[in-house]
Amino acid sequence: MIHDDVTIVMQGPLKNAARKIAAGLRHIEDYQKYAGHVVMSTWNHYDTKPSKRMLKRLNVKYVEDDISKYKNYYNDSNISYQIITSLNGLSLSQTKYTIKVRCDEYYTDMSKFIEVMKSSPTKLTTSNFLFVNDEWQQLHPSDHVMGGLTENIKGMFSEAFKICKKHKDRQEALMGSEIGIKGYKNGNLKSDAVSPETLLFLSFLRHKKVSINCEQSKKIMNEHCQLVELKDMGEFLCHVGCNPYTSYNYILNQTPSITSMEEL
C-alpha cells in the first residue's frame, strides 16, 4: 500500500567511506512502494550526482547545500550535518507525515513502520537500532530512521539546529546542564553528557513544549516515543561509523539496542 500522505527524506552523503555510491540510493523504488513521495537531501561537493533524468524518472525531489557554511557548528558525531540535510529535505515535504532516513542505509519494507507511526502520530517513531534503556542513557531513542507528523519532525530538527549554532566551535559533547536539562544521566559514561540521539529527542520534546523532568524519563519516553524492530522492516543496512549491520541477531548481541518499550 502506498501512503500518499507520507514523504521519505533521504539525507546525508551520496558516497560511503570507500567512495562508492551510498547504498540507500539503490532502494528508492523500495521506499516508493510505501511512501507517496521521496526527497533526497545532500551536499553540493560530490563529483557524482543523480542526473536530472533519473530524478524525473523516479519522481524524486532533490536539494543540496554547501557543507562549508556549517564547518564551525557543534557537530558531535556529525549531528549538525544530519540536522541541516534533514531540514533542507523537510522544506520540500508537503505531506502530513515525514520519515527521515540516511542515504547510506536502507530498509526494504516500510509498511510496519508507517502503520506504527500513524497509530500514534504525535509520538516520535524510530527503529530499535541503538535505542537504549534508561540505565544506559536517559531519553536515548534511535536516530537512524525517525518519523512522525511533519510539523513535529521539522520542529525537532529546528530546535536542534539552534543548539548547534549556539555552540559553535564546541569540540566535546555537550552536557545536559549546559542546555538547561537538570539531572540528566548518561549511565554509559557516568556523566551528564548528551548524545546526538538524546539531543534530537530533547529538541522534539521542547518543540512540543513538554516539561523535561529526568526523574520521569521512562514515563516521558513512553508518552512521546515508540519503536519498530528492524526485523519488521525487511532487509536493512545500518551503520555505526563505517561498520555495517545487516543481521538483526548480530545487532541484539553486539549493541545495547532494546526490542520494546517495556525494556526501558
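**Core, pocket and charged contacts of the predicted model**

The largest nonpolar core comprises 81 residues, and the members with the most contacts inside it are I99, Y107 and M110. The structure described here is a predicted model. In soluble globular proteins, nonpolar side chains tend to be buried together. The surroundings of one core member, M110, illustrate how distant parts of the sequence are brought together in this region. When neighbours within four places in sequence are set aside, M110 is in contact with I8, Y31, Y34, I99, V145 and M233. One of these partners, I99, is itself among the residues with the most contacts inside the core.

The largest pocket encloses about 1000 Å³ of space. Its lining is formed by 40 residues, and S77, N78, R102, H239 and G241 lie nearest the centre of the pocket. The elements that give two or more residues to this lining are helix α3 (79–90), helix α6 (196–207) and strand β9 (236–240). The greatest contribution comes from α3, with 3 residues. By residue class, the lining of the largest pocket consists of 18 nonpolar, 15 polar and 7 charged residues.

R102, one of the residues nearest the centre of the largest pocket, also takes part in a salt bridge. The side chains of R102 and E105 meet at 3.4 Å, N to O. E105 is placed in the loop between β4 (97–102) and β5 (106–107). E105 counts as buried because its relative accessibility is 0%, under the 20% limit. The C-alpha atom of E105 is separated by 5.0 Å from that of L237, although the two residues are 132 residues apart along the chain. Beyond its neighbours within four places in sequence, E105 is in contact with G24, Y31, H144, L237, C238 and H239. Two of these contacts link E105 to residues named above: H239 is among those nearest the centre of the largest pocket, and Y31 is also in contact with M110.

Across the whole structure, 13 salt bridges are found. Side chains of opposite charge can pair when their charged atoms come close. K231 takes part in two such pairs: its side chain meets that of E229 at 3.9 Å, N to O, and that of D232 at 3.5 Å, N to O. The residues involved differ in their burial. K231 is partly exposed, with a relative accessibility of 48%, and D232 is likewise partly exposed, at 25%. E229, at 18% relative accessibility, counts as buried because this value is under 20%. Through salt bridges that share partners, K112, E229, K231 and D232 are joined into one network.

Two helical residues provide further views of the packing. F161 belongs to helix α5 (residues 150–166) and is partly exposed, with a relative accessible area of 22%. The C-alpha atoms of F161 and S80 are separated by 6.8 Å, while the residues are 81 apart along the chain. Apart from its neighbours within four places in sequence, F161 is in contact with Y70, Y73, I83, I84 and L87. Of the second residue, I251, the place is in helix α8 (residues 248–254). I251 is buried, with a relative accessible area of 0%. Setting aside neighbours within four places in sequence, I251 is in contact with F129, L230, F236, Y245 and S257. By contrast, I251 and K56, which are 195 residues apart in sequence, lie 37 Å apart in space, C-alpha to C-alpha.

The backbone was also examined for unusual phi angles. Most residues other than glycine have a negative phi. L139 has a positive phi, near 55°, and is located in the loop between β6 (124–127) and β7 (146–149). K190 likewise has a positive phi, near 55°, and is found in the loop between α5 and α6. The accessibility of these two loop residues falls into opposite classes. L139 is buried because its relative accessibility of 1% is under 20%, whereas K190 is exposed because its relative accessibility of 76% is over 50%.

Conventions. Residues numbered from 1 in each chain as written. Predicted model: local features only at pLDDT ≥ 70, side-chain atom pairs only at ≥ 80, totals over all residues. Heavy atoms only, no water. 1 Å grid on protein atoms, 1.4 Å probe; cavity = no way out; pocket = protein on both sides within 12 Å on 5 of 7 lines; lining within 4 Å. Points joined across faces, edges and corners; volume = space filled by probe spheres on them. Helix = DSSP H or I, 4+ residues; strand = E, 2+ residues; numbered from the N terminus. Nonpolar A, V, L, I, M, F, W, Y, C, P; charged D, E, K, R; others polar. Salt bridge = Lys/Arg side-chain N within 4 Å of Asp/Glu carboxyl O. Buried < 20%, exposed > 50% of the residue type's maximum accessible area, 1.4 Å probe, protein only. Core = buried A, V, L, I, M, F, W, Y, C linked by side-chain atoms within 4.5 Å. Contact = heavy atoms within 4.5 Å.
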